[in-house]
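Student: I am new to this structure and would like a close look at a single part of it. Could you take me through the aromatic side chains and what surrounds them, step by step?

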Amino acid sequence: MVKKSSRTPEPMGAQTKVRNYLISLIFRGAGESQKIPSYNELAPKLGVARSTLQLAIKQLIDEGYLVGKVGVGTFVNPAFNTHRELMHKPVIGMAFGDGKLVYHSYYIWMLQAAMGVEVVRRGWHIHPVLINGYSDDAVAEEILAKRLDALLWLKPPDKRGALIQRLAAELPLVVVDQPVKGVDGFSFDAADNGYRIIRRLLTEGRRRIALSPCLWSNEKKMEGIRRAFTEAGEKGPLPLRNFDELESAIAAGQRPEAVVFNPEETDQLMALYAKFHLTARECLPVTCFFRQTGANLPMLVQPLAVDSYAARVVARLAERLGNPALPPEHFCMKSDLDLYWAGGVEEPPSIHPQSSIRIPQNLE
């Protein structure tokens, strides 16, 4: 009698596991009448019941991917030849976070989109990796069963370091934004980004600077922010760690001269500006990455070189595909882009008369 685990996957999870495995076989055998393994071979290999296999295979037959031949077996449908010339190109898995998240931050979507473009530009296939398992053993088995040629993993959890090292021994792998010892990795220099924002504001005479909750929680960026204040002989950012505290300070007449925030916080910040009739002239909004569509104020934007970043990540993956014996490296990239003004502003503002920078008349 089989003892059930307290974490037995939902039936759909098992079917998805089978489907992913078979789809990989289909893509690699496109245009060929390749026989797939029997139920007796696949059931123990994938750790699923025969009934689950039968259902998944029936669905693929109904969809035209497979063909069943009575008394002989099940085969890849040779008529399945859509874009056949691309079917034998590398299949690149792309995993995000813990592999179970549905909602990602703006930053994650930006990187995901940019890396996806770079992958398909090389004629490769993308296999989004969704993870059902919990233990390292279960996740490793699940990912390796997909028969990927390589894997890109964006911001994996800290606890998956040993798993990633294990996977890197089996297939080319590059980790993005979460260094793992002994594995190729890339990250932006968040400390440099934070430093550049604050240095720019302090140079323009803005010393009362508030930070959004997202900034306070970013340790690396805060490292650069504090360095910029220290070099300028200033105490540091205003001690307002959330929007409630910021609102209370503004209501008490203690208005900051600038607020630095992330795009996903735009609506909350714009609501405060509207409530207290703040203008960008008196309290400059500074956003990381881009100005969100619909924001009703001009603002200073700190862009990230996401496209060039993604290009370097995928180029390194291509190098590792060509030479799996390459020694692993971690690349920390600084953005070579300068801060710019968005929202109809042609010149940066200043709140100090002695500044050599003129205040645009439309900065309200």
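Tutor: What follows is a walk through the aromatic rings, then the charged pairs and the nonpolar core that share elements or residues with them.

Please keep in mind that this is a predicted model. As a setting for the close look, the protein has twelve helices and 13 strands, and 49% of its 364 residues count as buried. Among the contacts with a separation of 6 or more, 68% are between residues 24 or more positions apart, and the aromatic part offers examples of links between distant parts of the chain.

Three aromatic pairs are counted in the protein. In one of them, the rings of Phe186 and Phe331 have centres 4.6 Å apart and planes at 20 degrees, and the pair is called stacked because planes under 30 degrees apart count as such. Phe186 belongs to strand 7 (residues 184–188) and Phe331 to strand 12 (residues 330–333), so that 145 residues of sequence separate two rings that are paired in space. Both partners are buried, since the limit is under 20% relative accessible area: Phe186 has 1%, whereas Phe331 has 18%.

Another pair is made by Phe188 and Tyr309, whose ring centres are 4.0 Å apart and whose planes meet at 35 degrees, an arrangement that counts as tilted. Here too the pair links distant parts of the chain, with Phe188 in strand 7 and Tyr309 in helix 12 (residues 306–322), 121 residues apart. Phe188 and Tyr309 are both buried. Taken together, Phe186, Phe188, Tyr309 and Phe331 form one aromatic cluster, with strand 7 contributing Phe186 and Phe188.

Tyr309 also leads to the nonpolar interior. The largest nonpolar core has 48 residues, and Tyr309 is listed with Leu152, Ile198, Leu201, Ile209, Leu211 and Val260 as having the most contacts inside this core. Val260, if its neighbours within four places in sequence are left aside, is in contact with residues including Ile198, Leu201, Ile209 and Leu211, as well as Val286 and Cys288. Apart from this core lies another, of 21 residues, among them Val259, Met270, Ala295 and Ala342.

Helix 12, which holds Tyr309, carries charged side chains as well. Arg316 and Glu319 both lie in helix 12, three residues apart, about one turn of the helix, and they form a salt bridge in which the closest N and O atoms are 3.0 Å apart. The two partners differ in exposure, for Arg316 counts as buried at 6% relative accessibility, while Glu319 is partly exposed with 43%. This salt bridge belongs to a network that links Asp184, Arg316, Glu319, Arg320 and Glu329.

In the whole structure 17 salt bridges are found, and one of the others joins Glu247 to Lys275, with the closest N and O atoms 2.3 Å apart. Because Glu247 lies in helix 10 (residues 243–251) and Lys275 in helix 11 (residues 266–275), this pair ties together parts that are 28 residues apart in sequence. Glu247 itself is partly exposed, with a relative accessible area of 23%.

How values were computed: Residues numbered from 1 in each chain as written. Predicted model: local features only at pLDDT ≥ 70, side-chain atom pairs only at ≥ 80, totals over all residues. Heavy atoms only, no water. Core = buried A, V, L, I, M, F, W, Y, C linked by side-chain atoms within 4.5 Å. Buried < 20%, exposed > 50% of the residue type's maximum accessible area, 1.4 Å probe, protein only. Contact = heavy atoms within 4.5 Å. Helix = DSSP H or I, 4+ residues; strand = E, 2+ residues; numbered from the N terminus. Phe/Tyr/Trp six-rings, centres within 6.5 Å; stacked < 30°, edge-to-face > 60°. Salt bridge = Lys/Arg side-chain N within 4 Å of Asp/Glu carboxyl O.
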